[in-house]
Amino acid sequence: MDKKTKLRNDWTKEEIEKIFNQPLLELIYQAATVHREWHNPEEVQISTLLSIKTGGCVEDCSYCGQAARYHTNIKVQALLPTETVIAHAQKAKDSGSSRFCMAAAWREVRNNRDFDRVIDMVKGVNELGLEVCCTLGMLTEEQAIRLQEAGLYAYNHNLDTSEQYYEEIISTRTFDNRINTINNVRKAGITVCSGGIIGLGETNGDRISMLLTLATMPKHPESVPINALARVAGTPLENNPKVDTWEMVRMIATARIVMPSSMVRLSAGRIEMSETEQAWCFMAGANSIFTGERETLLVTPNPGVSEDMQMLNTLGLKPMRKAEEALVNS
Ligand code: SAM
Ligand code: DTB
Ligand code: SF4
């Protein structure tokens, strides 16, 4: 099949604005068309997320239930034993996941014994034949190379929001720190998973600006997670209004159009959506979800894997085997 859309890294803010601001159904139609040029629309990537170290984080990300400075009800949990993590990964594989993502509530990776243990976890999960992903905070290039050599397939490091709005949300690091880690991941030959959150109080201009940063990277992130804010009691953003699903749809559709080859992940927020609402997100080009038997993302609830498999079945969708096999004719 001839690809009609080309990958572009020279998007302008005006072009993305024009796409984003189209009448919603026109936008969805365009995104669904692009989706079919680049991906098998019947397939959805199933990723399982596991928090391997929970809470007690020194950062001040105002959305996050794991920041030590906010008084949330989250139970702090030290780094899990490697065997426990591998057992979770095996279960994830058995229930249809092709990707396993290990998350730690760290500001950055330190060269210590905990990092050595994460390296062992990466090796073990890789040996199960799963695509291994980690999200551990900031990384140096040397640390990224160690992870790559252990078999890491992807590293998640979200922009979270626009460069302009970033300091309203996080003061303990900068937007440039984020970009620097993403560059280190790229240099090490690991695929990049980077997206953001809506519902932080940002404007549409901030949403467009965040997509512009992602879509003008020299290489688009292979995965782009779009999260709706999960409102955690005790965090500064706990009383933000719930994100309207049509706003998620608009964001997903625009991401799909400007980064056609990427996996667009409908990430946090599904617990508050009906099957019908999620179906619109898939129609708009989302082709990846987090699910699992634990029914949690990191510290907030998420639909369970059997419920999700039923939903996929109803919608005529099926789990994708591996992301790299997903692109049509690439
Ligand atoms: N500590 C590392 C870091 O911040 O990069 C890794 C884990 S952190 C929890 C990963 C990402 O999850 C964040 O960058 C953010 O985009 C997302 N996230 C965290 N809390 C969230 C929330 N309450 N709602 C939506 N997304 C959230
Ligand atoms: C991403 O973009 N979303 C995931 C994953 N990457 C690490 C995290 C969502 C967290 C939702 C709130 C919570 O459970 O802490
Ligand atoms: Fe820490 Fe990551 Fe949460 Fe920020 S998002 S407080 S860095 S765990």
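Is Glu295 buried, exposed or partly exposed, judged by its C-beta neighbours inside 10 Å? The legends below, written for a predicted model, take up this point together with several other close-up views.

**Figure 1. Glu295 in the loop between strand E9 and helix H11.** Glu295 counts as partly exposed, because 14 C-beta neighbours lie inside 10 Å and a residue is called buried at 20 or more and exposed at 12 or fewer. The loop that holds Glu295 runs between E9 (288-290) and H11 (305-315). The backbone of Glu295 has a phi near 55 degrees, which is a positive value in a residue other than glycine.

**Figure 2. Asp160 in the loop between strand E4 and helix H6.** Asp160 is not a glycine, yet its phi is positive, at about 75 degrees. The loop in question is the one between E4 (154-156) and H6 (166-169). Asp160 counts as buried, because 22 C-beta neighbours are found inside 10 Å.

**Figure 3. The span annotated as the Radical SAM core domain.** An unreviewed UniProt entry places the feature "domain: Radical SAM core" at residues 42-267. Helix makes up 36% of this span and strand 18%. The C-alpha atoms at the two ends of residues 42-267 are 18 Å apart.

**Figure 4. Cys57, Cys61 and Cys64, listed by UniProt under "binding site".** The listing of these three cysteines comes from an unreviewed entry. Cys57 lies in the loop between strand E1 (43-53) and helix H3 (82-94), and Cys64 is likewise found in the loop between E1 and H3. Cys57 has 23 C-beta neighbours inside 10 Å and therefore counts as buried. Cys64 counts as buried as well, with 25 such neighbours inside 10 Å. When residues up to four places away in sequence are set aside, Cys57 touches Gln66, Ala67, Ala68, Ala105, Trp106 and Arg107.

**Figure 5. A second UniProt "binding site" listing: Cys101, Cys133, Cys193 and Arg265.** The record behind this listing is an unreviewed entry. The four residues are spread over 165 residues of sequence, but they cluster in space, with a largest C-alpha distance of 13.8 Å. Two of them, Cys101 and Arg265, are shown in the next two views.

**Figure 6. Cys101 in strand E2.** Strand E2, which holds Cys101, covers residues 99-104. Cys101 is buried, because 27 other C-beta atoms lie within 10 Å. Not counting residues up to four places away in sequence, Cys101 touches Ser47, Leu49, Cys133, Thr135 and Asn156. Among these contacts is Cys133, a residue that also appears with Cys101 in the UniProt listing.

**Figure 7. Arg265 in strand E8.** Strand E8 comprises residues 263-266. Arg265 counts as buried, because 25 C-beta neighbours lie inside 10 Å. Apart from neighbours within four places in sequence, Arg265 is in contact with Ser223, Val224, Pro225 and Ile226, and also with Ala286, Ser288 and Ile289.

**Figure 8. The packing of helix H1 with helix H8.** H1 is formed by residues 13-20 and H8 by residues 204-215. Their axes are 10 Å apart, and the helices pack at an angle of about 120 degrees. This angle makes H1 oblique to H8. The crossing in which H1 passes H8 is right-handed. From H1, the contact is made by Lys13, Ile16, Glu17 and Phe20; from H8, it is made by Asn204, Ile208, Ser209, Leu211, Leu212 and Ala215. Sorted by class, the contact of H1 with H8 contains six nonpolar, two polar and two charged residues.

**Figure 9. The packing of helix H1 with helix H9.** H9 is formed by residues 245-258. The axes of H1 and H9 come within 9 Å and cross at roughly 130 degrees. The two helices are therefore oblique to each other. Their crossing is right-handed. In this contact Ile16, Ile19 and Phe20 of H1 meet Arg250, Thr254, Ile257 and Val258 of H9. By class, the contact of H1 with H9 has five nonpolar residues, one polar and one charged. Ile16 and Phe20 of H1 take part here and are also among the residues that contact H8.

Definitions and conventions:
Residues numbered from 1 in each chain as written. Chains lettered and ligands numbered in written order. Predicted model: local features only at pLDDT ≥ 70, side-chain atom pairs only at ≥ 80, totals over all residues. Axes fitted to C-alpha atoms, helices over the stretch in contact; angles between N-to-C directions. Helix = DSSP H or I, 4+ residues; strand = E, 2+ residues; numbered from the N terminus. Parallel < 35°, antiparallel > 145°, perpendicular 65-115°, else oblique. Left-handed = near helix turned anticlockwise from the far one by under 90°. Contact = placed C-beta atoms within 7 Å. Nonpolar A, V, L, I, M, F, W, Y, C, P; charged D, E, K, R; others polar. UniProt positions renumbered as here; feature names shortened; annotations may be inferred.
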